[in-house]
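Reader: I am new to this structure and would be grateful for a close look at a single part of it. Please take the material below as the starting point.

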Amino acid sequence: MNDTMVTLVGNAATAVEHRQTTAGATVARFRLAATSRRWDKALERWTDGETSFYTVRSWRGLADNVAASVAVGEPLIVQGRLRLREGEQSPERGGQRWFAAEVDAVAIGHDLTRGTAAFRRGTRPVRTGTEAAAPSSASPEPAPPPSQQRDQEEALPAKGQASDEAPAAAEPSASSESSTGLNGPGGLGPPEASVPPASDGVDSPEKVAVS
């Protein structure tokens, strides 16, 4: 709440430096030249006063838009938080103290009193790599909606009942089962003995002893 908010009107004095920090955030930096205007009574016209230079920084989405929109010499309006920095030069450079004015921008736009501009709405970046979770191959497929499930159940024949379109397959006979089933040649178990036909005088015995 104690930040000093300023609004600057000037021109971009340098090209935009657009880079990415080690933390992954993007930052854009350029110099803004703000020249005051005053009325000269002797000449009866507006004249330029002194020029002040400010270092303007922007971050993240604003930095990306600034790098794609601002060129050297374009008139701009910058709003942000004012920072005053001071330091001292190295002895090799004279050891003089220096002062710098920096602005952490919250809004940057073209000055439409000096010309026109076309606005294009930005798009959100698509997440790639580890940000977007890749679907697992072992994850089950999502279940169809209830209406589709009912349609599938109605299309299938009832359990134990043949469909109207395709006739039911004939059950294999005992002879074919014994010859080609598990107990036949090539099966897992020994072949069963063939049952002789019932002799005359025997009332169709259910089982016949095998010697």
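Which residues does Thr26 touch, not counting residues up to four places away in sequence?

Author: The model discussed here is predicted. Thr26 is found in strand β3, which covers residues 26-40. Leaving aside residues up to four places away in sequence, Thr26 touches His18, Arg19 and Gln20, together with Ser58, Trp59, Arg60, Ala63 and Asp64. With Asp64 there is also a polar contact, made between the side chain of Thr26 and the side chain of Asp64 at 3.3 Å. Thr26 has a relative accessible area of 17%, and it counts as buried because this value is under 20%.

The helix α1 (60-69) leads on to the largest pocket, since α1 and β6 (97-110) each supply at least two residues of its lining. With seven residues, α1 gives the most to this lining. The space in the largest pocket is about 700 Å³. Its lining has 23 residues, and those closest to the pocket centre are Asn65, Val66, Ser69, Phe119 and Arg120. By character, the lining residues divide into eleven nonpolar, seven polar and five charged.

Strand β3 may also be followed to Trp39, given its span of residues 26-40. The structure holds one aromatic pair, formed by Trp39 and Trp46 in an edge-to-face arrangement, 5.8 Å centre to centre and with 75° between the planes. Trp39 has a relative accessible area of 45% and is partly exposed; Trp46, at 49%, is partly exposed as well. Neither is classed as exposed, because that class requires a value over 50%.

Terms used
Residues numbered from 1 in each chain as written. Predicted model: local features only at pLDDT ≥ 70, side-chain atom pairs only at ≥ 80, totals over all residues. Heavy atoms only, no water. Helix = DSSP H or I, 4+ residues; strand = E, 2+ residues; numbered from the N terminus. Buried < 20%, exposed > 50% of the residue type's maximum accessible area, 1.4 Å probe, protein only. Polar contact = N/O pair within 3.5 Å; in protein donor to acceptor, adjacent residues only side chain to side chain. Contact = heavy atoms within 4.5 Å. 1 Å grid on protein atoms, 1.4 Å probe; cavity = no way out; pocket = protein on both sides within 12 Å on 5 of 7 lines; lining within 4 Å. Points joined across faces, edges and corners; volume = space filled by probe spheres on them. Nonpolar A, V, L, I, M, F, W, Y, C, P; charged D, E, K, R; others polar. Phe/Tyr/Trp six-rings, centres within 6.5 Å; stacked < 30°, edge-to-face > 60°.
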